[in-house]
Amino acid sequence: MEFNLSTDIESISWKELACLFELAPLGKRREPEILEVAFRNSQLRVFAFHGAKLVGAGRALSDGVWRAAIYDVAVLPEYQGKGIGSKIIRHLIDAAKVDVIMLYAVPGKSKYYERFGFRKMATAMAIMPNEEEARKRGLIE
Ligand SMILES: CC(C)(COP(=O)(O)OP(=O)(O)OC[C@H]1O[C@@H](n2cnc3c(N)ncnc32)[C@H](O)[C@@H]1OP(=O)(O)O)[C@@H](O)C(=O)NCCC(=O)NCCS
């Protein structure tokens with residue numbers, strides 16, 4: 001199967017992307033309008049297509065010199081395991097052009113990210129909207 005990566009945000013159907021995140025699955029249901037704001041406000045975004053079908057996506061915040069953070073990497077279930085997620089992550093790492101790139105993996109995905117060079121940080125901290133829920137999900141200590 002041939003897949004193409006695109007950074008063209010104008011051709012994206014935000015409903016299709018919301019559907020992709022729901023099916024992947026990744027996090028809670030996202031409203032297409034809010035998803036559009038998040039992707040437009042991210043300096044780096046990349047979309048994977050199989051023909052005209054949107055099959056994967058990812059985004060990153062980057063200051064372009066020192067620091068970046070990767071978010072929302074997801075691939076449609078029937079397209080997972082074909083290297084698309086890796087292409088998306090490698091694209092974001094290369095495009096970020098910074099020395100430190102962070103991400104927070106959903107529980108169970110840390111091993112996947114290790115293959116790209118990500119290592120667990122001993123001092124990373126986060127403010128979560130719902131601390132109890134985040135603790136239950138294994139996101140914070
Ligand atoms: C995570 C995700 C983006 C990976 O995309 P993908 O296209 O399936 O990944 P790739 O095909 O590039 O890589 C698959 C490889 O990763 C490995 N892998 C997948 N999940 C893994 C895990 N939890 N731990 C270790 N390895 C894992 C597979 O075994 C496979 O190994 P192989 O290359 O040796 O065969 C995709 O599975 C997905 O969308 N998941 C649901 C959403 C999600 O959890 N996103 C990540 C948020 S942190």
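Which residue forms a salt bridge with Glu133, and how far apart are the closest N and O atoms? The partner is Lys28, and the gap between the closest N and O atoms is 3.5 Å. Keep in mind throughout that this is a predicted model.

## Two domains

The domain assignment splits the chain into domain 1, covering 4–103, and domain 2, covering 107–141. Take the centres over C-alpha atoms and they sit 19 Å apart.

What do the two domains share? On the contact count, 11 residues of domain 1 meet 7 residues of domain 2. The size of an interface is often quoted as the accessible area lost when the parts come together. Here the area buried between domain 1 and domain 2 is about 780 Å², and carbon and sulfur atoms give 70% of that.

## Polar links across the interface

On the charged side of things, the rule finds 1 salt bridge across the interface of domain 1 and domain 2. Polar contacts there come to 2 residue pairs, both at pLDDT 80 or more.

Now for the side of domain 1 that touches domain 2: the elements giving two or more residues to it are strand S4 (67–75), helix H3 (84–96) and strand S5 (100–103). H3 gives the most, with 5 residues. Sorted by type, the residues on this side of domain 1 divide into 7 nonpolar, 2 polar and 2 charged.

## Around the ligand

How many residues surround the ligand? There are 21, and the closest are Val75, Gly83, Gly85, Ser86 and Gly108. Set against the domain bounds, Gly108 falls in domain 2 (107–141), while Val75, Gly83, Gly85 and Ser86 fall in domain 1 (4–103).

Three residues can be described atom by atom, starting with Gly83, where a backbone N or O atom is 2.7 Å from an oxygen atom of the ligand. For Lys82, a backbone N or O atom is 3.1 Å from a ligand oxygen. With Gln80 it is the side chain that takes part: one of its N or O atoms is 3.4 Å from an oxygen atom of the ligand.

## Asp72 and its partner

Side chains of opposite charge can pair when their charged atoms come close. By the rule used here, the count comes to 11 salt bridges. One of them joins the side chains of Asp72 and Arg59, at 2.9 Å from N to O. This pair links distant parts of the chain, with Asp72 in strand S4 and Arg59 in strand S3 (residues 53–62), 13 residues apart.

Asp72 is worth a look for its backbone too. Its phi is near 55 degrees, a positive value in a residue other than glycine. Most residues other than glycine have a negative phi, and most peptide bonds are trans.

## A cis peptide bond

Which way does the peptide bond from Ala24 to Pro25 go, cis or trans? It is cis, with omega near -10 degrees. As for where this happens, Pro25 lies in the loop between helix H1 (14–23) and helix H2 (32–40).

How values were computed:
Residues numbered from 1 in each chain as written. Heavy atoms only, no water. Domains from an automatic or database assignment. Contact = heavy atoms within 4.5 Å. Buried area = accessible area lost by both parts, 1.4 Å probe. Salt bridge = Lys/Arg side-chain N within 4 Å of Asp/Glu carboxyl O. Polar contact = N/O pair within 3.5 Å; in protein donor to acceptor, adjacent residues only side chain to side chain. Helix = DSSP H or I, 4+ residues; strand = E, 2+ residues; numbered from the N terminus. Nonpolar A, V, L, I, M, F, W, Y, C, P; charged D, E, K, R; others polar. Near = heavy atom within 4 Å.
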